Amino acid sequence: MVMASVAKEIRQPEADPERKGGHLVLAIGHHDGQIHFRNPSGHTPGSLTAALPPDRFDAFFGGRGISLDPRRSVRRRPAPATAVRPVASRPSA
C-alpha cells in the first residue's frame, strides 16, 4: 500500500487537475490494469473507493508517497529494567 499525494480533483477523474499533489489517498493495489485506492474525503461512493488506469492516476499524482506494509510488525526496544530518576539536591548548610 502507498499513501500517495494526489490532486484533490481525483474525486472527479474525468476533469483535469489544476495541479498535482496536495491531497492524500491510500493506493491499496493494482489489478486488471488499474490502480485501486481509497479516498477518505470522497463525497460519493465511487470516489471513496475508486480505481483508475495508471496513466490517468499519474495525471493527479504529485510524485510523492509513503510505502506502508501492514504485515510488518514494529520492533520496539524493551524498557530499561530500572528507570533512571533524577537525584534530588540536598540542602547545604
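S47 sits in helix α1, which spans residues 45–48. This is a predicted model, and in it S47 is buried, with a relative accessible area of 4%. Leaving out residues up to four places away in sequence, S47 touches R11, N39 and G42. R11 has a neighbour in this story. The C-alpha atoms of S47 and I10 are separated by 8.0 Å, although their positions lie 37 residues apart along the chain.

T44 tells a related story. T44 belongs to the loop between β3 and α1. Its relative accessibility is 35%, so T44 counts as partly exposed. From the C-alpha atom of T44 to that of Q12 the separation is 9.9 Å, and the two are 32 residues apart along the chain.

Now step back to the whole chain. The protein has two helices and five strands. Along the sequence they follow the pattern β-β-β-α-β-α-β. There are 93 residues, and buried ones make up 22% of them. The protein exposes about 7,500 Å², with carbon and sulfur atoms supplying 54% of that area. Take the contacts between residues at least 6 apart in sequence: 48% of them join residues at least 24 apart.

Strand β4 covers residues 49–52, and its side chains alternate. A50 and L52 point to one face and are buried. T49 and A51 point to the other face and are not buried. Strand β3, residues 34–38, runs antiparallel to β4, and four bridges join the two. One residue shows the pairing well. H36 lies in strand β3, and its bridge partner in β4 is A51.

How covered is H36? At 26% relative accessibility, H36 counts as partly exposed. Its contacts, not counting residues up to four places away in sequence, are L26, A27, I28, G29, H31, A50 and A51. H36 also has a distant partner in sequence: M1 is 35 residues away along the chain, and the C-alpha atoms of the two are 9.9 Å apart.

Between β2 and β3 comes a loop, and D32 lies in it. What is unusual about the backbone here? Most residues other than glycine have a negative phi. D32 is not a glycine, yet its phi is positive, at about 55 degrees. D32 is also exposed, with a relative accessible area of 69%.

Strand β5 is another matter. It runs over residues 61–67 and is hardly covered: the count of buried residues among its seven is zero. β5 pairs with β1 in the antiparallel sense, over four bridges. Within that pairing, V6 stands opposite F61 in β5.

β1 also contributes to the surface. M3 lies in this strand and is partly exposed, with a relative accessible area of 31%. M3 is one of the members of a nonpolar surface patch, together with M1, L24, I28, I66 and L68. Their accessible area adds up to about 480 Å². M1 and I28 have appeared before: I28 is among the contacts of H36, and M1 lies 9.9 Å from H36, C-alpha to C-alpha.

The charged residues come last. Side chains of opposite charge can pair when their charged atoms come close. How many salt bridges does the model have? The count comes to one. D16 forms it with R56, and the closest N and O atoms are 3.2 Å apart. D16 lies in the loop between β1 and β2 while R56 lies in helix α2, residues 54–60, so the pair ties together parts that are 40 residues apart in sequence. D16 itself is exposed, at a relative accessible area of 61%.

E9 makes the contrast. E9 lies in the loop between β1 (2–6) and β2 (23–31). Which opposite charge is nearest to E9? The nearest such side chain is K8, at 5.1 Å. A salt bridge needs a side-chain nitrogen within 4 Å of a carboxyl oxygen, so this separation does not qualify. E9 is therefore buried yet without a salt bridge. What E9 does touch, not counting residues up to four places away in sequence, is P17, E18, R19 and F60.

Methods. Residues are numbered from 1 along each chain as its sequence is written. This is a predicted model: local features need pLDDT of at least 70, side-chain atom pairs count only at pLDDT 80 or more; totals for chains, interfaces and linings use all residues. Side-chain values use heavy atoms; hydrogens and water are left out. Buried means under 20% relative accessible area, exposed over 50%, partly exposed in between (1.4 Å probe, protein chains only). Lys and Arg count as positive and Asp and Glu as negative; His and the chain ends are not counted. Contact means heavy atoms within 4.5 Å. Patches are made of residues with over 30% relative accessible area and no salt bridge: like charges are joined within 9 Å, nonpolar side chains (Val, Leu, Ile, Met, Phe, Trp, Tyr) within 5 Å. Accessible areas come from the Shrake-Rupley method with a 1.4 Å probe; for residues, only the protein chains shown count as cover. Two strands pair if DSSP finds at least two bridges between them.
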